[in-house]
Amino acid sequence: MTPALEPLRRIAAYAVATDDDGRVLLVRASSSSGTPGVWSLPGGAVDHGEDPNHTVVRETAAETGLSVAVTGLHDVLADMRALPHRGVTIHTDRLIYSVSIRGGTLIDRVGHPTDLARWHTLEEAGRLRLRQFTATALGLGSASADLRPEPAPTFPSFYAYPGPDGLHRAQRFAAYAIATDPHDTTLLLTRIAPGYPGEGRWHLPGGGTDYGEQPGTALIRELVEETGQEGRLVELLGVASHRDAASLGPEGYPIDWHGVRAFYRVIVEDPTEVAVRDVGGSTSEARWVPVKQIADLPEDELTEVTAEALRKAGLI
């Protein structure tokens, strides 16, 4: 058992970069970090309101001296890490991007959380002490150098804090589903309840992940809570990042809101009549909509993430 630590959450973005010889780019944690000498993918925390695509480019340049361009989404992972020396435990939602190198020269750094950036073959990487998310992203199995808190601490699903401008801020990670029946003839949509941002608009089933929860697990749980349907994850389609600088919700005061949402393709093998089980929550209704009617829905009746995900899936 780890001692009682203050729980924190953050969202971060990382780069999987390979060179012409198939080597992968890794950075080493310095002596000033919580895990000195441990290697990981380059990347770091997503600033409030920042698109994670920009984060991974910015952080990779800072840690390695290389300029990169995002070429695709590799994976989305989550983990908990206890840092007793800091008195905290951190849940991090990690967006892993594939990138290409545009130029630059590898640099070493002094007085920063990472001090070295080097190219390694996968065989060499497998012999290094790696952060677990890095080992997972590279297909190298379990190699965790992290201390994991057990059990997961209690943390509110919604947490707002005062920003530098005096306005409360909230950054939230969530997972949503493009959920269809096995024959792709109907799509599951939900409607946002009165009093919540986007009220009355059509939305995708899903929602915020709990502390210590993987996004895929959270999505299947939310699907049952919001619609009564049992789903199966098929593939990760993308990640959407949206900011509403003065959102109004049931809290009754403006919040500078930044949502980062992963959306997945989900199959409901045995569709049933929908039933909103989370009564009094942000979902007022749910229904199966014929796929052929989706393109006719006005975009002003859809939430931003719904429109973006439907375009990604080729449905509008």
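**Entry 1: ground rules**

I began with the word strand: helices (H or I, at least four residues) and strands (E, at least two) are DSSP runs, numbered from the N terminus. I am looking at a predicted model, where local features need pLDDT of at least 70, side-chain atom pairs count only at pLDDT 80 or more, and totals for chains, interfaces and linings use all residues. Residues are numbered from 1 along each chain as its sequence is written, and side-chain values use heavy atoms, with hydrogens and water left out.

**Entry 2: the record**

I checked UniProt, where an unreviewed entry lists residues 7-144 and 170-311 for "domain: Nudix hydrolase". Positions there are given in the numbering used here, feature names are shortened, and annotations may be inferred rather than shown by experiment. For residues 170-311 I noted 18% helix and 42% strand, with the end C-alpha atoms 27 Å apart.

**Entry 3: a sheet of four strands**

I followed an open sheet with the strand order S4-S1-S6-S5 and mixed pairing; two strands pair if DSSP finds at least two bridges between them. Why does one side of S4 and of S5 lack a neighbour in the sheet? Strand S4 (43-45) and strand S5 (66-83) stand at the edges with a single partner strand each, so one side of each is left free of a neighbour there. On average, neighbouring strands are turned by 20 degrees against each other, direction ignored. For angles, axes are lines fitted to C-alpha atoms, for helices over the stretch in contact, and the range is 0 to 180 degrees between N-to-C directions.

I then found helix H1 (residues 52-64) packed on this sheet, touching S1, S4, S5 and strand S6 (88-104). The direction of H1 makes about 90 degrees with that of S5. Contact means heavy atoms within 4.5 Å.

Looking at the pairs, I saw strand S1 (residues 6-17) run antiparallel to S4, joined by three bridges; Tyr14 has Gly43 in S4 as its bridge partner. S5 and S6 are antiparallel over 16 bridges, and Ala78 is matched with Asp93 in S6. These two strands form a hairpin with four residues between them, and Gly87 in the turn has a positive phi of about 75 degrees.

**Entry 4: pockets**

Next I looked for open space. A pocket is an open set of points on a 1 Å grid over the protein atoms alone, where a 1.4 Å probe fits, with protein on both sides within 12 Å along at least five of seven lines; lining residues have an atom within 4 Å of a point. Grid points are joined across faces, edges and corners, and a volume is the space filled by probe spheres set on the points.

The largest pocket has a volume of about 1,000 Å³. Its lining counts 41 residues, with Arg172, Tyr176, Pro197, Trp257 and Arg261 nearest the centre. Among the elements that each supply at least two lining residues are strand S9 (168-180), helix H4 (215-227) and strand S14 (255-267).

The second largest pocket has a volume of about 620 Å³. I counted 31 residues in its lining, and Arg10, Ser33, Arg81, Pro113 and Arg131 lie nearest its centre. S1, S4, H1, S5 and S6 from Entry 3 are among the elements that each give at least two of its lining residues.

**Entry 5: one tryptophan**

Last, I picked Trp288, which lies in strand S15 (residues 283-290). Leaving out residues up to four places away in sequence, Trp288 touches a group including Ala179, Leu187, Gln229 and Val268.
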